[in-house]
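Please work through the exercises below with the sequence and the structure open beside you. Each task is followed by a solution that goes step by step.

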Amino acid sequence: MASKNLLMVCYYFPPLTDVGCKRSVAFATYLKKEGWSPYALSVKNPDRHYCSLGTDAPPDGVPAVYTRSLVNPIKFLGKANGLVDRVLSLFNRGVSRNYFYEFLCIPDFFVGWVPLTVVRAVKLIRAHNIETVYVSCSPFSAALIGVACRRLTGRRLVLDFRDPFGLTLEGSKASRTKERIDAFFARLFLKHTDLLIVTTDETRREYAAQFPQFKEKVVTVHNGFDATHLVTDQPEKFHRFTIIYTGQFYYKFNPSLNMYADNFFSALAQLKKENRICSETFQFLFYGSEQGAIRDYAARFGVEDLVTVNGRVSHAEVLLAMRRSHLQLLRIMKLMLSTKLFEGIPMNIPFLATIPPGEAEEIIRRYSPGSYVITEDSAEKIKGAIVDAMDRYAKGPLPDNHVEEFMDCFSREALTQKLMGHLTPDIS
């Protein structure tokens, strides 16, 4: 029988608390429960610009080893780009992107973690008779660690891409040169990996279309939801009708999302003008690091009194605020299935989803009958959805989500079972 010893290379792992940790932590927890022996390899000095350091511990029974990044270049290269921008401003010019990032951080900012981690990974593989190396990406430079381990030890390599990488996508703001660099590394990773796991079927199909020679290597294991966070009691709703949004707002990333954001705030402005909502009866509640962007949107549309802006808080506080809200605003980029989607359905929260057509739309329509799904650029439809939801809530709660059916498919425990079948398919 094949070995169940598994090396998990995860930059995002406790004591980091970022959302990128949750998938790997859940997999490690449930793999251990199923008799596997996962060993975690993470970073000792994470870059604080992109990480949140807390006090969380690795899952019980999962040994964790930490290696140092030799350089965290984000702050230095950001200052260098700012200096270039100031010099060019003397000539009425500017820079549209940070070319230092694009051409010196290949494939990404975290490449300084690769050298020492490769050395430690090879030692762990040999010391613990590890047969499969699982690498969680992003950062995508971590895939270089996996490829090096594959080449040096011959062990099976499984790459888990939590986000798409190396694909040419409509609306991308990356330069053509950056796209070509990422596509080169994507081909390299696909060539040397035994399996590439992605988190949506749409992403799997996109890799199959753009890298057809490797399509048999690409499988889907969705992000899902950890059932241990499922709370059955329902706290009292906020006294004001509340639409909540948590996390990254993506206002810099995708023009289509920015249009949807404009239309959401435009809908609020129209409802306020028509005296359908006011600060005593309604709030848009935001939690996240982009408070400035939300305040700018609110000011631009004259709805500052309707918007409550908060910084980042603990996951437990966010979940409580979500359960007290009436609707959860959902905005996603193409190929994404947001964590908010997987958290909202089990907690029985309906969505106001302003999203592109596709997989997320299908999941919401199937499992959340009380939700509003708007797949076109329309402030009027968003306005109508808010009015309808407020009218329906005045008469009673919206229809329940199909929680049990959803959990059967998307609980992280169920998804770990699916992962196990891919990790070492010859285990009997």
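**Exercise 1. Salt bridges**

Task: How many salt bridges does a search of the whole structure find, and how far apart in sequence are the partners Asp-182 and Lys-178, Glu-361 and Arg-365, and Glu-380 and Lys-383?

Solution. Step 1: The model is a predicted one, and searching the whole of it gives 13 salt bridges.

Step 2: In helix H6, which covers residues 176-192, Asp-182 is joined to Lys-178 by a salt bridge whose closest N and O atoms are 3.3 Å apart. Because these two residues are 4 residues apart in helix H6, about one helical turn separates them. Asp-182 and Lys-178 are both buried.

Step 3: A salt bridge also links the side chains of Glu-361 and Arg-365, with 3.1 Å from N to O. Here too the partners are 4 residues apart, in helix H12, and so are separated by about one helical turn. Glu-361 has a relative accessibility of 16% and therefore counts as buried, the cut-off being under 20%.

Step 4: Glu-380 and Lys-383 form a salt bridge in which the closest N and O atoms are 3.9 Å apart, a value to be set against the limit of 4 Å. These residues lie 3 residues apart in helix H13 (residues 379-395), so about one helical turn lies between them. Lys-383 is buried, with a relative accessible area of 11%, and Glu-380 and Lys-383 are linked with Glu-274 in a network of salt bridges.

Step 5: The general background to these spacings is that an α-helix has 3.6 residues a turn, so residues three or four places apart point the same way.

**Exercise 2. The sheet of 6 strands**

Task: Give the strand order of the open sheet of 6 strands, and find which strands helix H10 and helix H12 touch.

Solution. Step 1: The strands follow one another in the order S10-S9-S8-S11-S12-S13, and their pairing is parallel. The edges are strand S10 (307-310) and strand S13 (372-374), each of which pairs on one side only. On average, neighbouring strands of this sheet are turned by 20° against each other, with direction ignored.

Step 2: Within the sheet, strand S8 (residues 241-246) pairs with strand S9 (residues 282-287) over 6 bridges in the parallel sense, and Phe-241 stands opposite Phe-282 in S9.

Step 3: Helix H10 (residues 315-324) packs on the sheet and touches S8, S9 and strand S11 (327-330), its direction making about 145° with that of S8. Helix H12 (residues 359-367) also packs on the sheet, where it touches S11, strand S12 (351-354) and S13, and its direction makes about 160° with that of S13.

Step 4: The buried residues of H12 are Glu-359, Ala-360, Glu-361, Ile-363, Ile-364 and Tyr-367. Their packing partners include, besides strands, helix H7 (201-210), helix H11 (339-344) and helix H14 (403-410).

**Exercise 3. The sheet of 7 strands**

Task: Which strands form the edges of the open sheet of 7 strands, and across which strands does helix H15 lie?

Solution. Step 1: The order of this sheet is S3-S2-S1-S4-S5-S6-S7, with parallel pairing. Its edge strands are S3 and strand S7 (218-220), each pairing on one side only, and neighbouring strands are turned by 25° against each other on average, direction ignored.

Step 2: Strand S6 (residues 195-198) runs parallel to S7 and is joined to S7 by 3 bridges, with Leu-196 opposite Val-218 in S7.

Step 3: Helix H4 (residues 114-127) packs on the sheet, touching strand S1 (5-10), strand S2 (37-43), S3 and strand S4 (132-137). Helix H15 (residues 412-423) lies across S1, S4, strand S5 (156-161), S6 and S7, and runs at about 145° to S5.

**Exercise 4. Two places at the surface**

Task: Is Leu-70 buried or exposed, and which residues does Arg-187 touch?

Solution. Step 1: Leu-70 lies in the loop between strand S3 (64-67) and helix H2 (74-89). With 56% relative accessibility, Leu-70 counts as exposed, since the cut-off is over 50%. Together with Val-71 and Leu-116, Leu-70 forms a nonpolar surface patch with about 270 Å² of accessible area.

Step 2: Arg-187, in helix H6, has a relative accessible area of 38% and is therefore partly exposed. Leaving aside residues up to four places away in sequence, Arg-187 touches Phe-211 and Phe-214.

How values were computed: Residues are numbered from 1 along each chain as its sequence is written. This is a predicted model: local features need pLDDT of at least 70, side-chain atom pairs count only at pLDDT 80 or more; totals for chains, interfaces and linings use all residues. Side-chain values use heavy atoms; hydrogens and water are left out. Two strands pair if DSSP finds at least two bridges between them. Axes are lines fitted to C-alpha atoms, for helices over the stretch in contact, and angles run from 0 to 180 degrees between N-to-C directions. Contact means heavy atoms within 4.5 Å. Buried means under 20% relative accessible area, exposed over 50%, partly exposed in between (1.4 Å probe, protein chains only). Patches are made of residues with over 30% relative accessible area and no salt bridge: like charges are joined within 9 Å, nonpolar side chains (Val, Leu, Ile, Met, Phe, Trp, Tyr) within 5 Å. Accessible areas come from the Shrake-Rupley method with a 1.4 Å probe; for residues, only the protein chains shown count as cover.
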